[in-house]
Amino acid sequence: MRLTRSFGTTMASSLAVCRLHMKGRGSLVKYLRKVDSYLHRTIGTNVVSAQEREGCKSLYAVQAERQEQAERSVLISCHTRTNEKKFLKYLSMHGDINKYFFYESYGMYAVVEFANRESLASLFEEAAIPIVSHESMVPFKSRLLSLRNLGSADPPNQQSGQRCQSQTTIPINELIQRLSKEGSIDQQMTSLTDVYQLTEENSRLRFLVCSLLKDIAAAYFPECTIKPFGSSVNGFGKLGCDLDMFLDLDGISGRNAKMPKSGFLLEYQMKQTNSERAVTQSILSVIGDCVDQFGPGCVGVQKILNARCPLVRFAHQPSGFQCDLTANNRVAMKSTELLYLYGELDPRVRHLVFTVRCWARAHAITSSIPGAWITNFSLTVMVLFFLQRRSPSVIPTLDHLRDLAGPADKSFIEGNDCTFVSDFGKIHLQSNPETLERLLCEFFEFYATFPFNKMSISIRQGKELNKPEVAPLHIQNPFETTLNVSKNVNATQLDRFVALCKESSWLLQQTETSKARGGNVEKAPAPWGLASLLVPLQVAVTKGRKKRRPEPASERIKSLLASLKNPNQQKKS
């Protein structure tokens, strides 16, 4: 049988990643338990300690591993009925495959990681630039390939064996049903995290998209890197979250050399600029044009250069990610590293953050649309602050982490002290035995009575501070301490948050909603525990934030409790 093979760039037309599945071939890449070598300086910490806590890796070790995997990977558009065995057999002709997985966006895609980069060169030798008679093609070579023909495809009525798993978050109603079947609130919170957090495959795809964009930027800035930050890597990312990327030029060799040994200096033909911000705007303007004109699958490019942090925004259609590319956001990179560290210190941190974020979105406390709502970052900081205020504390303050830092951890960015320890082995936590259920109940009670009118939240010191400015909600930026990360929040939204905290605290204290019904084998059990908190509520905002009376504040909750007491009325309610 004759097989015709030709590859070319292609685009999909959907922005949502619908399905993603991972399969492996050969040995799995083993994670490093201890890292004893220096990594190239990027931002902040230079060294990954060799004495990390067992099972924990620094963010830089994770990034280095993911970036190296991405450099050996390709993204391939293929037919939905592509024969998987033939697909792998052909690719294996070019070298060993470490990992591969399929996902569906608008059509079928495959991410393939080879064991070495030489395999990529071999693959590209047989790849062809397509000839299109009705338009001119720019011969830009990328690692986004298209499998046009690989022999006969599987018949429509034959299963190809490609088991695709959904990569978008499940609907809230389905989540409530799933949580209602769990045996405890602790299990509900753990299950919610498992459902919502980024998968292994999704994380790999994010790093691959960054690597594909780096190929474009490297035409202007050789040795540059593009890496994800924010929710994509800090451990608190939800499936479907945006992909925030950072164009890092600090790692370019010779950039920080004072006097080269050879006596030569590179001659830069640059126009004079007034500030580093102007340089950043120029860089992003050029990269934005290049991504718009030559980036395969990159559409809707917007250059938002006058924002506080200049960025290029676009949609990467083959992956379905909405992307933001920045070039001078080093403080945000340190914030990413800090949140990652907190999430690794204690598993309860991530479970509580995911739970509170899901609860907030279910009640429209947060929103994907910019406005006066509380942001996910602000909400995460509020959770961290609450955990610092427990007795004993669950996590240490940022000042304590700074005191534990070594010389290699020193980091000052634009005059801000961004220093904190990166060695997990140096961090000794206090013994706090509280369950997830207890922490969730106490979280709502804590903020239902918090003096927002007078006090500010600070995870640097781990205690309430007097408000330095007039704002309904004041949350101190962990590194740029003069900034309020919740400055956008108005009084109405804060009052809604407090009212919902009171309502949720009261609801969790009710026996009917806080305990699972043993022996209930119904297919659709009534919401209880965390599931009952995700049911939309109509709460009344109380002026002055007085302590609520121990009775339901809405007919919605009354009917919910009535349905829980009387299963026969569930459908009616």
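The exercises below concern aromatic rings and overall make-up in a predicted model.

**Exercise 1.** Classify the aromatic pair of Tyr447 and Phe450 from its distance and angle.

Solution. A pair of aromatic rings is described by the distance of the centres and the angle of the planes. Step 1: the search of the whole structure gives 18 aromatic pairs, and Tyr447 with Phe450 is one of them, at 5.8 Å centre to centre. Rings pair if their centres lie within 6.5 Å, so the distance of 5.8 Å qualifies. Step 2: the planes of Tyr447 and Phe450 are 45° apart. Stacked needs under 30 degrees and edge-to-face needs over 60, therefore this pair is tilted.

**Exercise 2.** State whether Tyr447 and Phe450 are buried or exposed, and which aromatic cluster they belong to.

Solution. Step 1: both Tyr447 and Phe450 are buried. Step 2: the two residues belong to one aromatic cluster, whose members include Trp359, Phe385, Phe443 and Phe497.

**Exercise 3.** Find which arginine lies over the face of Phe321, and which over that of Phe236.

Solution. Step 1: Arg206 is placed over the face of Phe321, 4.4 Å from the ring centre. Step 2: for Phe236, the residue over the face is Arg350, at 5.9 Å from the ring centre. A charge over a ring must be within 6 Å of the ring centre, so 5.9 Å meets that distance limit.

**Exercise 4.** Describe the protein as a whole by its helices and strands, buried share and contacts.

Solution. Step 1: the protein has 16 helices and 15 strands. Step 2: 52% of its 573 residues count as buried. Step 3: of the contacts between residues at least 6 apart in sequence, 70% join residues at least 24 apart. Step 4: the exposed area is about 27,700 Å², with 51% of it from carbon and sulfur atoms.

Notes:
Residues are numbered from 1 along each chain as its sequence is written. This is a predicted model: local features need pLDDT of at least 70, side-chain atom pairs count only at pLDDT 80 or more; totals for chains, interfaces and linings use all residues. Side-chain values use heavy atoms; hydrogens and water are left out. Rings of Phe, Tyr and Trp (its six-membered ring) pair if their centres lie within 6.5 Å; planes under 30 degrees apart count as stacked, over 60 as edge-to-face and the rest as tilted. Buried means under 20% relative accessible area, exposed over 50%, partly exposed in between (1.4 Å probe, protein chains only). A charge sits over a ring if NZ of Lys or CZ of Arg is within 6 Å of the ring centre and within 35 degrees of the ring normal. Helices (H or I, at least four residues) and strands (E, at least two) are DSSP runs, numbered from the N terminus. Contact means heavy atoms within 4.5 Å. Accessible areas come from the Shrake-Rupley method with a 1.4 Å probe; for residues, only the protein chains shown count as cover.
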